[in-house]
Amino acid sequence: MSMPANEDMVRGFRDGYDPHSPQPGPNTSRSYRHGFECGRDDIMRRHRFDADTLRRMADVAMTFDADPYNSVHSQRYSI
């Protein structure tokens with residue numbers, strides 16, 4: 001079961017949906033960057049991944065943001 005989106009992810013989605021927003025930098029959370037890419041996907045009507053994969057990627061981003069020193073996520077998943 002997926003976790004609900006966090007505030008950073010929602011903010012990233014809204015920014016990504018705005019075609020004038022710049023790409024997020026490295027100082028943003030993984031949740032924000034995931035949301036941003038999903039917003040861009042929606043506005044451009046493209047599908048990088050299926051919904052289940054996107055949910056799993058969102059869960060990984062939120063887990064990493066909650067514990068960025070968890071070496072399993074920092075080594076195995078790059079978002």
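Which residues is Ser21 in contact with, leaving aside its neighbours within four places in sequence? I opened my notes with this point and came back to it after a survey of the whole chain.

**Entry 1: the model as a whole.** I noted at the outset that this is a predicted model. I looked up the secondary structure and found four helices and zero strands. From the N terminus on, I read the order of elements as α-α-α-α. The protein has 79 residues, of which 33% count as buried. I recorded an accessible surface of about 5500 Å², with 53% of that area belonging to carbon and sulfur atoms. I then turned to contacts between residues at least 6 apart in sequence, and 44% of these join residues at least 24 apart.

**Entry 2: helix α2.** I checked the length of α2, which covers residues 30-44. At 1.5 Å a residue, its 15 residues should span 21 Å, and the end C-alpha atoms are indeed 21 Å apart, so the two values agree. I next asked how far α2 is covered, and found that eleven of its 15 residues are buried. Among them are Arg30, Arg33, His34, Phe36, Cys38 and Asp41. I traced what the buried residues of α2 pack against, and the partners are α1 and α3, the latter formed by residues 51-66. Just after α2 comes Arg45, for which I noted a positive phi, near 55 degrees.

**Entry 3: α1 against α2.** Two packed helices are described by the angle between their axes and the distance between the axes. For α1 (residues 7-17) and α2, I recorded an angle of about 35 degrees and axes 6 Å apart. The crossing of α1 past α2 is right-handed. On the α1 side, the residues making the contact include Met9, Phe13, Asp15 and Tyr17. On the α2 side, they include Tyr32, Phe36, Arg40 and Ile43. I sorted the residues of this contact by class and obtained seven nonpolar, six polar and five charged.

**Entry 4: Ser21.** I located Ser21 in the loop between α1 and α2. Is Ser21 buried or exposed? I found a relative accessible area of 14% for Ser21; the cut-off for a buried residue is under 20%, so Ser21 counts as buried. To close the opening question, I listed the contacts of Ser21 beyond its sequence neighbours: Asp15, Phe36 and Arg40. I noted that Asp15 of α1 and Phe36 and Arg40 of α2 also take part in the contact between these helices.

Definitions and conventions. Residues numbered from 1 in each chain as written. Predicted model: local features only at pLDDT ≥ 70, side-chain atom pairs only at ≥ 80, totals over all residues. Heavy atoms only, no water. Axes fitted to C-alpha atoms, helices over the stretch in contact; angles between N-to-C directions. Helix = DSSP H or I, 4+ residues; strand = E, 2+ residues; numbered from the N terminus. Left-handed = near helix turned anticlockwise from the far one by under 90°. Contact = heavy atoms within 4.5 Å. Nonpolar A, V, L, I, M, F, W, Y, C, P; charged D, E, K, R; others polar. Buried < 20%, exposed > 50% of the residue type's maximum accessible area, 1.4 Å probe, protein only. Areas by Shrake-Rupley, 256 points an atom, 1.4 Å probe, with all protein chains shown as cover. Expected span 1.5 Å × (residues − 1).
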